[in-house]
Amino acid sequence: MPDGFWWRGEVGDGLWAAFTDSATGNLALHVGDDPAAVQARRTGLEERMGVMPGSLRFMNQVHSARVGTVAAGDGPAAGTGPELDGLLCPDAGIPLAVMVADCLPVLFAAEAPDGGWMTAAVHAGRRGLLGGILAATAAGLVRAGGTGLQAWIGPSICGRCYEVPADLQAEACAQLPALRSETSWGTPALDLAAGAAAALEELAVRVHRVPGCTRETPELFSYRRDPGCGRFAGLIWAAA
Ligand SMILES: [Zn+2]
Ligand SMILES: [Zn+2]
């Protein structure tokens, strides 16, 4: 019986991270799915996470490098959040979600000055990565007093599958050389996970990688494999 999670783990005392799979189903409201069905799946997911109904915070992701802060007292999460690609919670009081289907989900944790956790969830596709969204998130955590930064890189389209035009590859790799890759059929490609890992190590963030190629894995949504697909989610939350 699938539990709807590609991977789930207690990554610190009382702190959990996870990536959903296609058994959880589509979690996005912007892909033409029935909104009531999406809402029901989100509620079911919150139940399995053990968090308050309606508390899981999503973003309206636009491939930017903008990171927003959410705090308890901001009220219940709306169906679609603000136009952001990173969410930071300074006291881990709000469970965070990032939606993907080939782009890279990155989850952050840091130790807060009071001994608790800080969290962040980031949508890092090619544009976000090159726009510096990982650096912006790490800087936000440090500015809020976070120390001992760690990140979990989730499943995405892999470097053997993510074909791009040669000029786009050249431009991206001039900025972040670790992105350079080649498809299994011998054409220019980008390796988002390798690029993110290099960028995070440069920022002194301890990196953990959760394997999985979306394009090659039917249990994960992939836009390249199926442009009409849904979105799965990266999640980070403190146990209630
Ligand atoms: Zn994306
Ligand atoms: Zn692949």
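# Exercises on a predicted model

In helix H5, which spans residues 192–202, the buried residues are Leu192, Ala193, Ala194, Gly195, Ala196, Ala197 and Leu200. The structure is a predicted model. The exercises below begin with this helix.

**Exercise 1.** Determine which residue caps the N-terminal end of H5, and describe the backbone just after the helix.

*Solution.*
Step 1. At the N-terminal end, the cap of H5 is Asp191. A side-chain oxygen of Asp191 lies 3.3 Å from the backbone nitrogen of Ala193.
Step 2. Just after H5, Ala204 has a positive phi of about 65°.

**Exercise 2.** Locate Ala92 and Asp102, and decide whether each is buried or exposed.

*Solution.*
Step 1. Ala92 is not a glycine, yet its phi is positive, about 55°. Ala92 belongs to the loop between strand E4 (86–89) and strand E5 (96–100).
Step 2. Asp102 is likewise not a glycine and has a positive phi of about 110°. The loop between E5 and strand E6 (104–111) contains Asp102.
Step 3. Buried means under 20% relative accessible area. Ala92 is buried because its relative accessibility is 7%. Asp102 is buried because its relative accessibility is 6%.

**Exercise 3.** Describe the site of the zinc ion (ligand 2): which residues coordinate the ion, and what is the geometry?

*Solution.*
Step 1. Cys158, Cys161 and Cys213 each coordinate through SG, and Glu216 through OE, at 1.9 to 2.3 Å.
Step 2. The angles among the 4 donor atoms are 101 to 116°. Four donors count as tetrahedral if all angles lie between 85 and 135 degrees, so the site of the zinc ion (ligand 2) is tetrahedral.
Step 3. Along the chain, the donors follow the spacing C-x2-C-x51-C-x2-E. Cys158 lies in the loop between strand E8 (147–153) and helix H4 (166–175), and Cys213 in the loop between strand E11 (206–209) and strand E12 (232–238), so this pair ties together parts 55 residues apart in sequence.
Step 4. Both Cys158 and Cys213 are buried.

**Exercise 4.** State which residues coordinate the zinc ion (ligand 1), and assess how accessible His63 and Cys103 are.

*Solution.*
Step 1. The coordinating atoms are NE2 of His63, SG of Cys103 and NE2 of His123, at 2.1 to 2.5 Å.
Step 2. These donors have the spacing H-x39-C-x19-H along the chain. His63, in the loop between helix H1 (35–49) and strand E3 (67–69), and Cys103, in the loop between E5 and E6, are 40 residues apart and link distant parts of the chain.
Step 3. His63 is partly exposed, with a relative accessible area of 32%, whereas Cys103 is buried at 19%.

**Exercise 5.** Examine the surroundings of Gln169 in helix H4.

*Solution.*
Step 1. Gln169 counts as buried because its relative accessible area is 8%.
Step 2. The side chain of Gln169 reaches the backbone oxygen of Ala189 at 3.1 Å.
Step 3. Beyond its neighbours within four places in sequence, Gln169 is in contact with Val164, Arg180, Ser181, Pro188, Ala189 and Leu190.

**Exercise 6.** Identify the residues that touch the most other members of the largest nonpolar core, and the element that gives the most to this core.

*Solution.*
Step 1. The largest nonpolar core has 36 residues, and Leu104, Val106, Phe108, Ala124, Leu134, Leu179 and Leu200 touch the most other members.
Step 2. Elements that each supply at least two residues include E6, E8, H4 and H5. H5 gives the most, with 5 residues.
Step 3. Not counting residues up to four places away in sequence, Ala124 touches several residues, among them Cys103, Leu104 and Leu192.
Step 4. A second, separate core of 27 residues includes Val70, Val100, Ala109 and Cys229.

Methods
Residues numbered from 1 in each chain as written. Chains lettered and ligands numbered in written order. Predicted model: local features only at pLDDT ≥ 70, side-chain atom pairs only at ≥ 80, totals over all residues. Heavy atoms only, no water. Buried < 20%, exposed > 50% of the residue type's maximum accessible area, 1.4 Å probe, protein only. Helix = DSSP H or I, 4+ residues; strand = E, 2+ residues; numbered from the N terminus. Polar contact = N/O pair within 3.5 Å; in protein donor to acceptor, adjacent residues only side chain to side chain. Donors = N, O, S within 2.8 Å, 3.2 Å for Na, K, Ca; no water. Tetrahedral: all angles 85-135°; square planar, octahedral: opposite > 155°, others 65-115°. Contact = heavy atoms within 4.5 Å. Core = buried A, V, L, I, M, F, W, Y, C linked by side-chain atoms within 4.5 Å.
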